[in-house]
Amino acid sequence: MKKSLLLLSLGIFAASQLANAADITGGITLKGTPPAEREITPIKDDPNCSAMYPGALPKTQFYVVDANGDLADVVVSLKGISGKSTGASAPAVELDQKGCLYTPQILAIQTGQKLVVKNSDPCVHNVHTEPTDNPSSNQVQMPGGADLTYTFEKPEPFLKFKCDVHPWMFAWVTVFDHPYFAISGKDGKFTIKNVPPGKYTLEAVHRKLGTQTAEIEVKDAGVAQNFAFEVK
């Protein structure tokens, strides 16, 4: 009986926490003018890839910022939370190889969550991971070939994916062991959903511009927090 009452109490507590969960929202801006993106000129030397670009070549995407200064590809997360991964039951995240580029180039997943890598190009790629804390992998993927599926068991920031066949191809996957993260969109906005009430450190990381943090408190109505990065 006591065990049943304890389980019931824990269930009620968990339900109340979920009922009171709220969202963290915000926007990321960039002050100053970032370095100019460069044309990826090695594409011209590969006949399969260059055929997909009869006009202008694509450019690097290190600083994805619009005319209003809204900054994309910033990884925003709660610090100090661990061991709460829901990755095993979370939907798979997709990384595509299209136009001899990885799309998107900045992603985030949970430990145990599936990352599905596709090859939408008419040419061969190899998917080569260069992690720091997780096992590495290097697999060939033929055009029209089967998708490759990856999972990672340890948290890791900016785990690198590259293609040795096309050495300009990169993507960076940040792995968390909790679901409380988001990546800013092209409008600079982000939302971290269903955060339990409490005080947290919110961290925003851009691969080139570094890290910022803010102390926040989540209440029933949610909380808004903006970040402004600066080009030095």
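**View 1. Salt bridge between Lys-79 and Glu-203.** In this predicted model, Lys-79 forms a salt bridge with Glu-203, and the closest N and O atoms of the two residues are 3.9 Å apart. Because Lys-79 belongs to strand β2 and Glu-203 to strand β14 (residues 198-206), the pair ties together parts that are 124 residues apart in sequence. Lys-79 is partly exposed, with a relative accessibility of 41%. The salt bridge belongs to a structure in which a complete search finds 5 such interactions.

**View 2. Surroundings of Ser-77 in strand β2.** Ser-77 is found in strand β2, which covers residues 75-79. With a relative accessibility of 3%, Ser-77 counts as buried, the cut-off for this class being under 20%. When residues up to four places away in sequence are not counted, Ser-77 touches Phe-176, His-178, Tyr-180, Phe-181, Ile-192, Thr-201, Leu-202 and Glu-203. Glu-203, one of these contacts of Ser-77, is also the salt-bridge partner of Lys-79.

**View 3. The open sheet of 5 strands.** The strands of this open sheet follow the order β5-β11-β10-β7-β8, and their pairing is mixed. The edges are taken by β5 (106-110) and β8 (137-141), each of which has a single partner strand, so that one side of each is left without a neighbour in the sheet. From one strand to the next, the twist averages 25 degrees.

**View 4. Strand pairing around β7, β10 and β11.** Strand β7, made up of residues 125-130, runs antiparallel to β8 and is joined to β8 by 5 bridges; within this pairing, Asn-126 stands opposite Val-140 of β8. β7 also pairs with β10, again in the antiparallel sense, over 3 bridges, and here Glu-130 stands opposite Lys-160 of β10. β10 and β11 pair in the antiparallel sense over 5 bridges, with Leu-159 of β10 standing opposite Val-173 in β11. β10 is mostly covered, since 5 of its 7 residues are buried.

**View 5. A salt-bridge network that includes Lys-162 and Asp-164.** Glu-130, Lys-160, Lys-162 and Asp-164 are linked in a network of salt bridges. Two members of this network, Glu-130 and Lys-160, also stand opposite one another in the pairing with β10. The side chains of Lys-162 and Asp-164 meet in a salt bridge with an N to O distance of 3.7 Å. Lys-162 counts as buried at 18% relative accessibility, whereas Asp-164 is partly exposed, with a relative accessible area of 39%.

**View 6. A nonpolar patch on the surface.** Val-124, Val-140, Met-142 and Val-165 form a nonpolar surface patch, and together they have about 340 Å² of accessible area. Val-165 lies in the loop between β10 (156-162) and β11 (170-176), and this residue is partly exposed, its relative accessible area being 42%. Val-140, another member of the patch, is the residue of β8 that stands opposite Asn-126.

**View 7. Salt bridge between Asp-147 and Lys-118.** The side chains of Asp-147 and Lys-118 meet in a salt bridge, at 3.2 Å from N to O. This pair links distant parts of the chain, with Asp-147 in the loop between β8 and β9 (148-150), Lys-118 in strand β6 (residues 115-119), and their positions 29 residues apart in sequence. Both residues are partly exposed: the relative accessible area is 38% for Asp-147 and 23% for Lys-118.

**View 8. The open sheet of 4 strands.** In this open sheet the strands are arranged in the order β4-β3-β6-β9, with mixed pairing. The edge strands are β4 (102-103) and β9, each of which pairs on one side only. Strand β3, comprising residues 93-97, pairs with β4 in the antiparallel sense over 2 bridges, and Tyr-102 in β4 is the bridge partner of Gln-97. β6, a member of this sheet, is also the strand that holds Lys-118.

Definitions and conventions:
Residues numbered from 1 in each chain as written. Predicted model: local features only at pLDDT ≥ 70, side-chain atom pairs only at ≥ 80, totals over all residues. Heavy atoms only, no water. Pairing = 2+ DSSP bridges. Axes fitted to C-alpha atoms, helices over the stretch in contact; angles between N-to-C directions. Buried < 20%, exposed > 50% of the residue type's maximum accessible area, 1.4 Å probe, protein only. Contact = heavy atoms within 4.5 Å. Patch = residues over 30% accessible without salt bridge, like charges linked within 9 Å, V, L, I, M, F, W, Y side chains within 5 Å. Areas by Shrake-Rupley, 256 points an atom, 1.4 Å probe, with all protein chains shown as cover. Salt bridge = Lys/Arg side-chain N within 4 Å of Asp/Glu carboxyl O.
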